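User: I'm new to this one and would like a close look at a single part of it. Could you take me through the pocket and what sits around it?

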Amino acid sequence: MADRQKFRGLYAKAFSTLDRWHATQTRAVGLFASAVSILERLPLMGDDGNFGPLVDEFPDLPLETRVAQAEALHRVLESLAEELALFQTLVNILEKTSKDALSLINASKPSAAGGIRLGPISSPSESTSGLQDLARIHRDECVLKNVLVRELSIEANINDLNEACSLFTAEPNLDPEEIRVILDKAETLAADFSEQDFSPRKGK
């Protein structure tokens, strides 16, 4: 029973970590889009003529606007860096969860039981492998996000930035169907863990 509860606890942690990832992604996408929007406007602000007749009445307006936009960009990039750090923290949690699940299986079963499949129920090895895959694809996505954020600069081509924003939003390393299959297997094993006796046998 204790192992079953620990196992379910690990999968619950994986589920909650993915929920946190989704929330982080929602915030990060908004920040990335804001950065692209500012970077798109900044070159236009370099020409005082783009401010029209307002310059005659407010001669300091172009400079003040450029400074305000630069400061806004700095704040956005700082916030985005915080979200990237959180993405990495969540990857670390997924990696530890998969390692803990594997350790639990290895510590509470005979050596051959990890590969045993009972009917439609995933074997422990299959499910822990799924958690490893879950950690891997999120780690790959985290690396991609860091690469894309480094593209956010005033020298970048705006079309390239818009493509980077689309890629950041799409999360190409995270296939929803693959994630669903992994979580379904994990949930099935967790639900049926108590019906499979992996405990070491004591001598008679």
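Analyst: Here is a walk from the overall fold to the pocket, and then out to the residues around it.

Before anything else, keep in mind that this is a predicted model. The protein chain has 6 helices and 0 strands, so if you read along the sequence you just get α-α-α-α-α-α, as the DSSP runs define it. There are 204 residues in the protein chain, and buried ones make up 38% of them. The chain also folds back on itself in terms of contacts: take those between residues at least 6 apart in sequence, and 83% of them join residues at least 24 apart. You'll meet several such long-range links below.

Now for the pocket. The largest pocket holds about 220 Å³ of space. It is lined by 13 residues, and the ones closest to its centre are Leu18, Trp21, His22, His138 and Ile179. Which elements give two or more residues to that lining? They are α1 (2-45) and α6 (176-192). Helix α1 gives the largest share, with 6 residues. Sorted by class, the lining comes out as 8 nonpolar, 3 polar and 2 charged residues.

Trp21 is a good residue to stop at. Besides being one of those closest to the centre of the largest pocket, Trp21 counts as buried because its relative accessibility is 3%, under the 20% cut-off. A search of the whole structure turns up 2 aromatic pairs. One of them joins Trp21 and Phe87, with 4.5 Å from centre to centre and 55° between the planes, and it is classed as tilted. The pair links distant parts of the chain, since Trp21 is in helix α1 and Phe87 is in helix α3, 66 residues apart. What about the partner: buried or exposed? Phe87 is buried, at 0% relative accessibility.

Trp21 has another contact worth following, this time with a loop residue. Glu171 lies in the loop between α5 (158-170) and α6. Not counting residues up to four places away in sequence, Glu171 touches Trp21, Gln25, Glu141 and Lys145. With Lys145 there is also a polar contact, side chain to side chain, at 3.2 Å. You might guess that a charged loop residue would be exposed, but Glu171 counts as buried because its 12% relative accessibility falls under 20%.

Next, go over to helix α4, where Leu134 has its place. Leu134 is buried, with 0% relative accessibility. Setting aside neighbours within four places in sequence, Leu134 is in contact with Leu18, Leu94, Ile179, Ile182 and Leu183. Two names there should ring a bell: Leu18 and Ile179 are among the residues closest to the centre of the largest pocket. As for Leu183, the C-alpha atoms of Leu134 and Leu183 are 8.8 Å apart in space, though the two residues are 49 apart in sequence.

Leu131 sits in helix α4 (residues 124-149) as well. Leu131 counts as buried too, at 3% relative accessibility. Apart from neighbours within four places in sequence, its contacts are Tyr11, Ala14, Ser98, Ala101 and Ile182. Ile182 is a contact of Leu134 too, so to speak a shared neighbour of the two leucines. From Leu131 to Lys96, 35 residues apart along the chain, the C-alpha distance is 9.8 Å.

One more stop takes you to helix α3 (residues 61-107), where Thr97 is found. With 2% relative accessibility, Thr97 is buried. Where does its polar side chain point for a partner? A polar atom of the Thr97 side chain lies 2.8 Å from the backbone oxygen of Ile93. Leaving out neighbours within four places in sequence, Thr97 is in contact with Leu10, Lys13 and Ala14. Ala14 is also touched by Leu131.

Finally, Ala12 gives you a contrast. Ala12 is found in helix α1, and it is partly exposed, with a relative accessible area of 42%. Its C-alpha atom is 9.9 Å from that of Thr97, with their positions 85 residues apart along the chain.

Note on methods: Residues are numbered from 1 along each chain as its sequence is written. This is a predicted model: local features need pLDDT of at least 70, side-chain atom pairs count only at pLDDT 80 or more; totals for chains, interfaces and linings use all residues. Side-chain values use heavy atoms; hydrogens and water are left out. Helices (H or I, at least four residues) and strands (E, at least two) are DSSP runs, numbered from the N terminus. Buried means under 20% relative accessible area, exposed over 50%, partly exposed in between (1.4 Å probe, protein chains only). A polar contact is a pair of N or O atoms within 3.5 Å; within protein, one must be able to donate a hydrogen and the other to accept it, and residues adjacent in sequence count only if both atoms are side-chain atoms. Contact means heavy atoms within 4.5 Å. On a 1 Å grid over the protein atoms alone, a cavity is a set of points where a 1.4 Å probe fits but cannot get out, and a pocket is an open set with protein on both sides within 12 Å along at least five of seven lines; lining residues have an atom within 4 Å of a point. Grid points are joined across faces, edges and corners, and a volume is the space filled by probe spheres set on the points. Ala, Val, Leu, Ile, Met, Phe, Trp, Tyr, Cys and Pro count as nonpolar, Asp, Glu, Lys and Arg as charged, and the others, Gly among them, as polar. Rings of Phe, Tyr and Trp (its six-membered ring) pair if their centres lie within 6.5 Å; planes under 30 degrees apart count as stacked, over 60 as edge-to-face and the rest as tilted.
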